[in-house]
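Open the model in your viewer and keep the sequence panel handy. We'll go through a handful of selections, one after another.

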Amino acid sequence: MYNDELIFDVETDALDPATNSVRYVGAYSYRTNKYYFYSYNHLDDVQLLIQTHRVLINHNIKNFDIPSLIKISEFSNLFTYKVIVDTMDIAKTRINHMMNSNKERIHAIRFSLDEVHNKIFPNQLSKITDFNYELLKRDIDDLSDEEKQLIKNYTMNDVKLVKD
């Protein structure tokens, strides 16, 4: 690592990048060795974080995270000269030739982050299974502190899965 890598994950209010709205962004910077979490009220901080890193990493970053952000005018040219590492692309080309931690051959179908993690590490829990996705549609001012923490935990869990 050259300390120029940023893992980031975008949470939105819908699954279609053409119509969704960015609600939260979680990140880990190898430059600062810190985790970051931002709501839609702080996308200027997200923009600055992305600007200061050359290599951007996430699972399905090319088909979801970047298209979800690029609709926002401040982000439209932000990804032009970046190195993009999409772990979904890597998984699609390599995972069916790998063995998991139990020495069993891996076969994946959807290649979601959760599926890939569970195939490689079958004895480790990966996804927060009881997350209420409706929380992502609500205004941040209408959320309780507990609900905000649930959103943060959910977002940062994916960042940590990609990092680890």
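Contact, on this tour, means heavy atoms within 4.5 Å. One caution before we start: this is a predicted model.

**The whole chain**

Colour by secondary structure to begin with. The protein has five helices and five strands, and along the sequence they run β-β-β-α-β-α-β-α-α-α. Of its 164 residues, 46% count as buried. Among contacts with a separation of 6 or more, 55% join residues 24 or more positions apart. Switch on the surface and you're looking at about 9400 Å² of accessible area, 50% of it belonging to carbon and sulfur atoms.

**Helix α2**

Now select residues 61-70, which is helix α2, and show side chains for its buried residues: Ile61, Phe64, Asp65, Ile66, Ser68 and Leu69. These sit on the same side of α2, because they cover an arc of only 160 degrees around the axis. In an α-helix there are 3.6 residues a turn, so residues three or four places apart point the same way. What lies over that side? Add β1 (5-12), β2 (22-29), α1 (43-51), β4 (55-58) and β5 (83-86), which are among the elements covering the buried residues of α2.

Stay on this helix for proline 67, which is in α2 too. Is it buried or exposed? Proline 67 has 23% relative accessibility, so it counts as partly exposed. Leaving out residues up to four places away in sequence, its contacts are Pro17, Ile61 and Lys62. Try a distance label here as well: the C-alpha atoms of proline 67 and aspartate 16 are 9.3 Å apart, although 51 residues separate them along the chain.

**The cores**

Next, pick Phe8, Ile50, Leu69, Phe75 and Phe79. In the largest nonpolar core, which has 19 residues, these five touch the most other members. The elements giving two or more residues to this core are β1, β2, β3 (34-39), α1 and α2, and the largest share, four residues, comes from α1.

Centre the view on phenylalanine 79. Apart from neighbours within four places in sequence, phenylalanine 79 is in contact with Phe8, Ile50, Leu56, Ile66, Leu69 and Ile70. Another core lies apart from the largest one; this second core has nine residues, including Phe131, Leu136, Ile140 and Leu143.

**The aromatic rings**

Show Phe, Tyr and Trp rings. The structure holds eight aromatic pairs. One of them joins tyrosine 28 and tyrosine 35, a tilted pair with 4.7 Å from centre to centre and 55 degrees between the planes. Tyrosine 28, at 6% relative accessibility, counts as buried, while tyrosine 35 is partly exposed at 35%.

Then move to phenylalanine 131 and tyrosine 133. Their ring centres are 5.2 Å apart and their planes meet at 85 degrees, so this pair is edge-to-face. Phenylalanine 131 is buried, with 10% relative accessibility; tyrosine 133 is partly exposed, with 42%. Before moving on, highlight Tyr24, Phe37 and Tyr40, which form one aromatic cluster.

**Two lysines to finish**

Go back to the tilted pair and add two lysines. Which ring has lysine 163 over its face? The ring is that of tyrosine 28, with lysine 163 at 4.8 Å from the ring centre. The charged end of lysine 160, meanwhile, sits over the ring of tyrosine 35, 5.4 Å from its centre.

Notes: Residues numbered from 1 in each chain as written. Predicted model: local features only at pLDDT ≥ 70, side-chain atom pairs only at ≥ 80, totals over all residues. Heavy atoms only, no water. Buried < 20%, exposed > 50% of the residue type's maximum accessible area, 1.4 Å probe, protein only. Arc of directions from axis to C-beta. Areas by Shrake-Rupley, 256 points an atom, 1.4 Å probe, with all protein chains shown as cover. Core = buried A, V, L, I, M, F, W, Y, C linked by side-chain atoms within 4.5 Å. Phe/Tyr/Trp six-rings, centres within 6.5 Å; stacked < 30°, edge-to-face > 60°. Lys NZ or Arg CZ within 6 Å of the ring centre and 35° of its normal.
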